[in-house]
Every structure is written in structure tokens, then in C-alpha cells.
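I am opening a fresh page for this structure and will write down what I looked up, in the order in which I looked.

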Amino acid sequence: MRMETSGAAAPAAGGQTDARVEDVLGQLTLEEKAALTVGRDAWTTVPVERLGVPSVWLSDGPTGLRKARGGADMSVGHNIPATCFPTESALGASWDVDLVRAVAGAIADEAQAEEVQVLLGPGVNLKRSPLCGRNFEYFAEDPVLSGELAAAFVSGLQERGVGACVKHLVANESETDRMITDSVVDERALRELYLRPFEIAIDRADPWTLMAAYNRLNGTYCTENTRLLHEIVEGEWGYTGIVMSDWLAVNDRAAGVAAGLHLQMPHAPTADAVAAAVREGRLPEERLDAIVRALLAFVFRVDAARRPDATADPDAHHRLARRAAGESIVLLKNEGALLPLEGETLSEVAVIGAFAREPRYQGAGSSQVVPARPVETIHDELAALIGPAGRVTYAAGYGADGATEPALLDEAREVARRARTAVVVVGLPASYEEEGADRTHLDLPPGHNRLVEAVLEAQPRTVVVLVNGSAVALPRAGRAPALVEGWLGGQASGGAIADVLLGRVNPSGKLAETFPARLEDTPAYLSFPDDGTGRVPFAEGLFTGYRWYDARRIDPLFPFGHGLSYTTFAYGEVTSRIVGKSGKEVDGNGHRVVLV
Ligand code: GLC
């Protein structure tokens, strides 16, 4: 798993950059210095034309490029089209650092072609609870897996000249009231779990930027937390990049400068407060200079890495998205080798569930990409790949947002009964898992559970395909002979799932998060999302994820690391022979061992 990354191949800070930085810094007025520490608008930094300091464009996100159509445009869903790759929770299940690096490299090429210098990703918060609404945007419940994949993502971006932004620093493992909650974390858990992925990414790949989170950490906002930013990140880790705020996460800009926050995003009228703090002696100008020095080094570094002639191939990226989605799919169950579908089982395949035609393929919120290609559907891709070798029928099975509709259930039963095999597609609607809100339960929509039950009654040869960003309870689907976790697999997820169901791709994904049998079994059950007073007590301490289930001997539904494949293994008869020095066979105890 461990990968020695080359780190940023683009121009590193140092040498002539330092001289240029010192020269510019010496000519900046106090007002100009203060202005540099705050964004110009929603997505760009402040230039200083007279001194040759360019503006830098920042864009989301870990699932693909989400570039706004204007510097001040904060809308979601109207962005410049880009390749929508699998979300991080899917990529996490691939455990493949080379794949993650390739995906990040493709996103970087698209960013360069759109003149974006920093991509706001990857997210490395851990999956402390399966209920976190943003789990789809994070790699794993384990800090080392998360850190290694993040390092690969950072390297993939930065070796193509686009800065990464590892986020959200730190202990932002829930969405509820995230802008005001106080994460109360003990020192060991903070160091060994929540800071660890950031530390690994910095150590392995030197991300040019980090993003400070909304929440407080042990009483102090992350965006003005001196111990976090100045003492640990800058002091202990020797981090030389810049730390930007999450959007609208700054409460006191001067306190942020003092603590080590380089850049407030988006723009806010706070530069004057920084200048005033210096003038009134509340903020040492040397501290502001240190912040501006790092900002200038960052701006010159990303500016030198621009590739204005860069082009991106959306068709090649679509193929990469399909490969990445395929490598992320986890085969959870396959009783009786029902999968892959082949031969006679293809004569009539009933594809059931509206998500098979209206795909769930990415998470809702700031990571949301406008796909550059039509989103593949499971239904159409199965029909195309099965072709004349069989027949695909369809039934919607459930209503909008997963409601149960008797007429749809009846139709689904009939379609399933008539077929040789049924493929039921269920999962979490966008309203169930999104940035800014946490789930309150692990359940699939009622109509989805009802559909699985109905189809299993009508057709024992049923495959259940899940399309979701994080662990779900499977009271019905868990009874299916075959169960496939398809995740939120991006614009090519329909084809990737069809590839696995038909055996064109051998499933190799492994869970990077535990699927619990019950919500009550989960580590943060008693303290999530908070304790009712705005505190988020990380009461489970070190025992997050598999550590919890192992320590308490709780059997999960599917454990961290679980994943089957179509490969079969058999142990044949072991034979051995003994060959002495002369090379002759020596009979010993009926065995033949070859001594070489
Ligand atoms: C959001 C997210 C962050 C994102 C930023 C810009 O609130 O927390 O991940 O990069 O704002 O959209």
C-alpha cells in the first residue's frame, strides 16, 4: 500500500523564488499585505499587478473539476462541464494508489485546460460514523489508508502542475451545525487518527495547500487555532504551504493571521481589520509578513506550474472514470456463483429500480460536477452489452425519493417472475446523503426495501446492486444471493456496474469502511452528531471503525477490508521430493522434496 510519491514535480519554493518573494514583500504596503490574506471573490485570490503578483483560481473538488462560470458565482450545478469521476468513498474501496493518482492527474489536466491552479481536494476526514452526510467525499475509516490515498491524489494533481488542498483540517467528521460545533478530541485520537491522514499526505506528497475546517477544535475555531496551525502543522510538521479557510469559516481574520491561517475564502471585508490590528500593535507585523511570505511563495509556485497549452481528452477521461468505478465496486455476496451473469441467465434479465435508469452517481454539495459526457445507466449498458445474446426488461419498482408504490411493486414482481435473473438497483437518494446535513438512520428508503423483498419472493435468482456513498443497513437486500456495492461511481458508473455483473471486470474492491449490522453497534452511536449542546465529543477515542468492532467483538454486517471476486481458489494434492547433493532423488518418509 505504501507508495513513495515523487511529491510535487512542479517548481518548488526556494532559491530564486525566495529572492523574488523577499523583493516583493519589501515593496508591499501594509494595506496590500492585508489584502493578500483575503480572497478577491468566491474563487480567486487578490493580484498585485504593479509588483507582478498574479491572481490564482481555486476550484472544487475531489470528484472532478467544478469551475464556476465567474469568480463570484457560488451556485452548484451550473458549472463548466468536466469528467465526473467516482467519489472518494468509491475510490477508497479500490485501495489502489496508482489508480487514484491517475484520476487526480486527469482532473489536473482538465483544471489546467480551464486555467484553474488549485483543486480543492482531497478530503481526508474519517468515517467516524456512517451517518456523516459527507462520507461519500472521504476515502476511509482508517487514517493510514486515507492518508496514502490522499498522498496519491495530491501527487497526481501536483505532478501535473495543479495545487492540491487537503481538507478539512481537522475533526470535521459531521455536518450538523458544522460552522459552530466544537469537536472535543483527546490528544491520542487527534494525533493517531484525525491529524494522521494530513500528516501522511504532507510527508509523502507535500500538498501546496490545506483547508482549515469550519468547526472548533477543543474550544477554538480551526481557522484561528494557534496550536493546530502554528504549533503542529507549521512547527512540528514543518509544513511550508498555505492554509486557507473553508468557505465562510473565518470568524476573526486578525486572530487567524496570528494563528497561521494564510487565506480567508471567499472574499470578505476583513483586510482592514488585519491592517488595523497591526497599526494598533495587536498583531505583530512580522507575523503578517510570515503569512504574506508563504502566500507569495505559493502564488509564484502555482503560477510557474501553469500549462496554458494543456488540453484534456474527455473521452479518455470517461474511459478512466469507467475503469476507476469498476475497480471500486465491491462484491459483497455471491452465493451459488450467481454472478457473473452469463449464458442462459442472460436470456431474460429483469432490471428493476428507477436508479437503473435515473442514476445516482455523485454526492450532493460543493463536490457536485456537471458531467462532460452523458451519464451511463445500468439499464442501457446492460442492454447494450447483452445485445442479441439475451433480453433486458425493466420496471421502476419505487417512486420518487424511494416511496413505495403498490402498482410499481406489482409490475416489478411480474417482470422479475418472468425473467431468468433479476437485477435490483437500490440506494440512497440525494436527499439522504449530502454536504451540510447528516443522516439520522442507516436505512434505505422504505420503497427500496419493499422492492427487494417483493422481487426476492418472485425471483430467487436476484442480484441486488447498491448505489450509495456510505454504509447502509440491509435488512432485505442482505438476503439476496448476490450483493454488489456500486457506490456513487461517477458518470461511467452504469457501464462499470454492467462490466462487473457480466464478468467483463473481475470485482476487486474491498470495503474501506465497516458496514455495521445495526446503528447501535457503531462507535459514535452515543455521541453523534453532537451532545445537544453544540459539542461533538469524540467519546470513542481511538476506537473508531474496525478498532471498535474488534475491541468489542461486535460482528459487523460486512467488515472493513471485505470484498469477494469471481476468482476461485483450490488446493490440489501437495507433492514433494528430496533431491540430495548429487541431485539424486532421496526417498524420505514417502515425500519427494527438491532441495535446491
Ligand atoms: C464547502 C466545503 C469545501 C469546499 C468549499 C468551496 O463548504 O466544505 O469542501 O471546497 O466550501 O466550495
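**Entry 1: a glutamate in a loop**

I began with glutamate 175, which I found in the loop between S3 and S4. The model is a predicted one, and I keep that in mind for each entry below. I asked whether glutamate 175 is buried or exposed. With a relative accessible area of 1%, glutamate 175 falls under the 20% limit and therefore counts as buried. Leaving aside neighbours within four places in sequence, I listed its contacts as Cys132, Gly133, Arg134, Tyr138, Glu435, Gly436, Ala437 and Asp438.

**Entry 2: backbone angles in loops**

Next I looked at phi, bearing in mind that most residues other than glycine have a negative value. Alanine 171, which is not a glycine, has a positive phi near 60°, and I located this residue in the loop between strand S3 (165-169) and strand S4 (182-184). Its relative accessibility is 2%, so I noted alanine 171 as buried.

Arginine 553 also has a positive phi, of about 50°, although it is not a glycine. I placed arginine 553 in the loop between helix H17 (546-551) and strand S16 (578-579). Here the relative accessible area is 76%, so arginine 553 is exposed.

**Entry 3: helix H7 and the residue after it**

I then turned to H7 and asked how many of its 10 residues are buried. Seven of them are, so H7 is largely enclosed by the rest of the structure. The buried ones are Pro197, Phe198, Ile200, Ala201, Ile202, Arg204 and Ala205, and they pack against H5, S3, helix H6 (187-194) and S5.

Aspartate 206 follows H7 and has a positive phi, near 50°; I found this aspartate in the loop between helix H7 (196-205) and strand S5 (209-212). At 25% relative accessibility, aspartate 206 is above the 20% limit for a buried residue and so counts as partly exposed. Not counting residues up to four places away in sequence, aspartate 206 touches Val154, Gln158, Ala201 and Arg301. I also checked aspartate 206 against arginine 535: the two are 329 residues apart in sequence, and their C-alpha atoms are 32 Å apart in space.

**Entry 4: the nonpolar cores**

Which residues touch the most other members of the largest nonpolar core? I found Val170 and Leu296, in a core of 117 residues. Helix H11 (residues 285-304) supplies the largest share of this core, with 11 residues. Apart from it lies another core, of 67 residues, and I noted Leu331, Phe355, Ala471 and Ala477 among its members.

I looked further at valine 170 and, not counting residues up to four places away in sequence, wrote down contacts with Leu190, Tyr194, Leu195, Phe198, Ala213, Asn215, Leu217, Cys222 and Leu228. Phe198 in that list is also one of the buried residues of H7.

**Entry 5: the largest pocket**

I asked which of the lining residues lie nearest the centre of the largest pocket. They are Asp60, Arg66, Trp247, Ser366 and Glu435, out of a lining of 18 residues. Glu435 had already appeared in my notes as a contact of glutamate 175. The lining divides into eight nonpolar, three polar and seven charged residues, and the volume of this pocket is about 250 Å³.

**Entry 6: cis peptide bonds**

Most peptide bonds are trans, and I recorded two that are cis. One of them joins glycine 121 and proline 122, with omega about 5°, and proline 122 is in the loop between strand S2 (118-119) and helix H5 (143-158). Another runs from leucine 339 to proline 340, with omega near -5°; proline 340 sits in the loop between strand S9 (330-334) and strand S10 (349-352).

**Entry 7: cysteines**

Last, I searched for disulfides and found zero. I then asked why cysteine 84 has no bonded partner. The closest cysteine sulfur, in cysteine 132, is 19 Å from the sulfur of cysteine 84, which is too far for a bond. Cysteine 84 is buried, at 0% relative accessibility. For cysteine 165 the closest cysteine sulfur is in cysteine 222, at 14 Å, and this is again too far for a bond. Cysteine 165 likewise has 0% relative accessibility and so counts as buried.

Key:
Residues numbered from 1 in each chain as written. Predicted model: local features only at pLDDT ≥ 70, side-chain atom pairs only at ≥ 80, totals over all residues. Heavy atoms only, no water. Core = buried A, V, L, I, M, F, W, Y, C linked by side-chain atoms within 4.5 Å. Buried < 20%, exposed > 50% of the residue type's maximum accessible area, 1.4 Å probe, protein only. Helix = DSSP H or I, 4+ residues; strand = E, 2+ residues; numbered from the N terminus. Contact = heavy atoms within 4.5 Å. 1 Å grid on protein atoms, 1.4 Å probe; cavity = no way out; pocket = protein on both sides within 12 Å on 5 of 7 lines; lining within 4 Å. Points joined across faces, edges and corners; volume = space filled by probe spheres on them. Nonpolar A, V, L, I, M, F, W, Y, C, P; charged D, E, K, R; others polar. Disulfide = S-S within 2.5 Å.
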